[in-house]
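Please look over the sequence and the structure below, and then read the briefing that follows, which goes from the whole chain to its cores and to one residue.

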Amino acid sequence: MTHKIQNGSELLSVAHQMADAARSAILPFFRQTDLAADNKLSDGFDPVTEADRAAERAMRDVLAKLRPQDAILGEEYGAQEGSSGLTWVLDPIDGTRGFISGTPTWGVLIAASDENGPVLGVIDQPYIQERFVGGFGVAEVISPHGTKPLSTKTNTKIEDAIVFTTFPEVGTDIERRAFEAVASKSRLTRYGMDCYAYALVASGQVDLVIEAGLNSYDIQGPIGVVEASGGIVTDWSGGPAHNGGRAIAAANAEIHAAALDILKGY
C-alpha cells in the first residue's frame, strides 16, 4: 500500500498532544458512580457519555490550532472537511461499555490517514498510562515502566494461537460461527478487551484479533499500531480493513493466512 509521505515528526507530535488532551478530558469521569450514559440505539445498547464527547472536543481543539487544514472523522461529531489530503480518524473512547463498567480496557484511538489508509496510529489507555504508537518508523509503548519497542509474535501455528474478540456474538450468526471455527483450533480464546486487544497483538502477547461490524474509527488507530509493529490487518477476504466491517489483526503473515483459510469458508 503506497501512502503520500507526510511530515512524520510533526504528525507524531500532534497525535501525542491530542492523546494528552483526551486523557485530561476523560479521567475526571472514569469510575465515577454518578456518570450518566445515553443510549445511541433504540434496539440494543450502545452507550455514550460526556467523557466521550469531551475527549473528542479536546482532540478537535488541538487540531484546530495545529492542523486546521486536515479533515476529521470522529465518532461523536462526525466528518469535517479538509484541504491537505490527510484525515484524522478519532474514537474518543473505544469500549464505552468497559468504561462505564470501570474496566481499564477501553482506549482513545487516533489515526492519521490518507486515501490509502492509516499512516499513523495511536491506542492510548489513560488510566494505566499506556500509549501504543505506530507510524513513520516508530513502534513503541510509552508507560510508567518506560518506553519499549513494539514487536509482534513469531508464532505461526494456529493451534498455539491466542485469539481475541470483543463480543461473544461477534456479529451475525455466520460471523460468530466463523470466529468459533478459528477459536476451536486455537489454544486460548478471550473476550471483551475492545481496542486493548490490538495493543496486545502489537506487544507480542496475542496472535489474532477477529471482529466484525466495525466502523472506520474503531479500526484505523489499531491498524497503524499493529502494522508498524510487524503485524498485518485486513478484512476477512485479505483486503483493506480501514473502512471498517470485518477485520482480522494478526501477528504475522503466516498466522494471518492460516486464520483466513478458515474464515473464507464462511
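**Briefing on the predicted chain**

The chain holds seven helices and 15 strands, where helices (H or I, at least four residues) and strands (E, at least two) are DSSP runs numbered from the N terminus. Its radius of gyration, taken over C-alpha atoms, is 17 Å, close to the 18 Å that the globule rule gives for 266 residues, so the chain is as compact as a globular protein of that length; the rule itself is 2.2 Å times the number of residues to the power 0.38. This is a predicted model, in which local features need pLDDT of at least 70 and side-chain atom pairs count only at pLDDT 80 or more, while totals for chains, interfaces and linings use all residues. Residues are numbered from 1 along each chain as its sequence is written, and side-chain values use heavy atoms, with hydrogens and water left out.

**Overall form and surface**

- Along its principal axes, the C-alpha trace spans about 50 × 45 × 35 Å.
- Of the 266 residues, 55% count as buried, a label that means under 20% relative accessible area, whereas exposed means over 50% and partly exposed lies in between (1.4 Å probe, protein chains only).
- The chain exposes about 11400 Å², of which carbon and sulfur atoms supply 48%, with areas coming from the Shrake-Rupley method with a 1.4 Å probe.
- Among contacts (heavy atoms within 4.5 Å) between residues at least 6 apart in sequence, 61% join residues at least 24 apart.

**Nonpolar cores**

- The largest nonpolar core, meaning a set of buried Ala, Val, Leu, Ile, Met, Phe, Trp, Tyr and Cys residues joined through side-chain atoms within 4.5 Å, has 32 residues, and those with the most contacts inside it are M18, I26, W88, I110 and L120.
- Two or more residues of this core come from each of α1 (8–26), α2 (50–66), β5 (87–94), β6 (107–114) and β7 (117–125), and the largest share, 10 residues, comes from α1.
- Not counting residues up to four places away in sequence, M18 touches M59, V62, L63, W88, L90 and I110.
- A second, separate core of 28 residues includes I123, I223, A247 and A249.

**The residue Y266**

- Y266 lies in the segment after α7 (253–263), and at 41% relative accessibility this residue counts as partly exposed.
- Leaving aside residues up to four places away in sequence, Y266 touches I174, R177, A178, A181 and R246.
- Y266 and D124 are 142 residues apart in sequence and 33 Å apart in space, C-alpha to C-alpha.
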